[in-house]
Amino acid sequence: MKYFLRADIIPCKGYRRTALIDIVNAEVSFLDNSYYDTLQKLYSTGLKVIDENLLSLLESDNYIIKAKSIDNFPRISLKITSSIFLVDNCIIDRNNKSSYSIINVLQQLDNLNCKYVQFRFFDYSEEIYEIIDYLNTSNSFIQNVEVIIKKTNNHFHKLEELFYRNLRINKLIVFKGNKTDILSSDQGRIFLEIENTIDDCKSCGLVSTNGFFINKYHFKEANNVNTCLSKKISIDINGEIKNCPSMSKSFGNIKNTTLEEALSHTSFKDYWNISKDHIEVCKDCEFRYICTDCRAYTERTHTNDKELDISKPLKCGYDPYLGKWEEWSTNPLKQKVIEYYGMQNLVKRYEA
């Protein structure tokens, strides 16, 4: 008989400690790094004998099984299946000055077989109803929609009705609300009100435990590609086609460049395969396979041999070398970069 870690309990070694990631129950526990090699063997081949202290810890969390063979408890493969489609997801930004045609963008996304779209309206707009009508009447390939939109008391009930009547909308976030609260959560769909103001794309890129994705699909993706940018295409408020609306490089404007033309650019996919294992500091973090990433706002400290930014995300306050979280916006070492991105007003809101 041998001891094995459960297949859904995967050890991830950080600089100071090892995280045991339960990808079924979405939980994380920690052990000293001195146990890591043993944990790896318990996961991959099993052991006949293990340290009594470790055994006690693993049994208390129901992380260990005992069996003759691992055959009945197959390990989770970290390989990902390559999609035949060019893009999987898209971010579309709008404000009251945007003039490009959203329907044109949606038609092109359907031609690319894109499944997931996030709409970010920095001002309230009736366009959201036109968008959902198009998706419902055109047999669109887009399966899941996330909407971020400014709250207005005059239109709140209309947005509420839109959410409840359209199962394609898996998340609706209204910002600048009276409170921060989950208004509805059912079968993976969520309706959320937040007090914060989202004025522009500079509000994105925040890394925190609230944004962790603890599941098999994200874990596998994080081991192979960049979980933020892989197979993503975006349109900013001015119609510029980018990897992410917050990034500076444009691959053409949607008014005179198609999404397929932008995707064919030699450097469009440069960041797609830069996983956390290739990013400075992140590569030493025990959270790297459940965390989000941001290549738009970084600490601007490192580039690789292709001159791609591999610096730690600016809006991350975790230090894996100390094992501590702190408020990123008040870190004195980040102030020059905060000024570079013009985020002083944003930081003031965080401090308030």
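These exercises work through the strands and helices of a predicted model.

**Exercise 1.** In what order do the 8 strands of the open sheet run, and which are the edge strands?

Solution.
- Step 1: Read the order. The sheet runs β10-β11-β9-β8-β7-β6-β12-β13.
- Step 2: Check the sense. Pairing in this open sheet is mixed.
- Step 3: Find the edges. β10 (181–186) and β13 (241–242) each pair on one side only.

**Exercise 2.** In which sense do β6 and β12 pair, and which residue of β12 does I92 stand opposite?

Solution.
- Step 1: Locate the strands. β6 covers residues 89–94, and β12 covers residues 232–235.
- Step 2: Assign the sense. The two strands are parallel, with 4 bridges between them.
- Step 3: Place the residue. Opposite I92 stands I235.

**Exercise 3.** Which strands does helix α3 lie across, and at about what angle to β6 does α3 run?

Solution.
- Step 1: Locate the helix. α3 spans residues 102–111.
- Step 2: List the strands. The helix lies across β6, β7 (116–121) and β12.
- Step 3: Read the angle. Relative to β6, α3 runs at about 175°.

**Exercise 4.** How are the 3 strands of the other open sheet ordered, and what is the bridge partner of D22?

Solution.
- Step 1: Read the order. It is β2-β3-β4, with antiparallel pairing.
- Step 2: Find the edges. β2 (9–13) and β4 (27–32) pair on one side only.
- Step 3: Add the twist. From one strand to the next it averages 25°.
- Step 4: Take β3 (residues 17–22) and β4. They are joined by 6 bridges. D22 has E27 in β4 as its bridge partner.
- Step 5: Add the helix. α1 (residues 36–44) lies across β2, β3 and β4, at about 150° to β2.

Terms used. Residues are numbered from 1 along each chain as its sequence is written. This is a predicted model: local features need pLDDT of at least 70, side-chain atom pairs count only at pLDDT 80 or more; totals for chains, interfaces and linings use all residues. Side-chain values use heavy atoms; hydrogens and water are left out. Two strands pair if DSSP finds at least two bridges between them. Contact means heavy atoms within 4.5 Å. Axes are lines fitted to C-alpha atoms, for helices over the stretch in contact, and angles run from 0 to 180 degrees between N-to-C directions.
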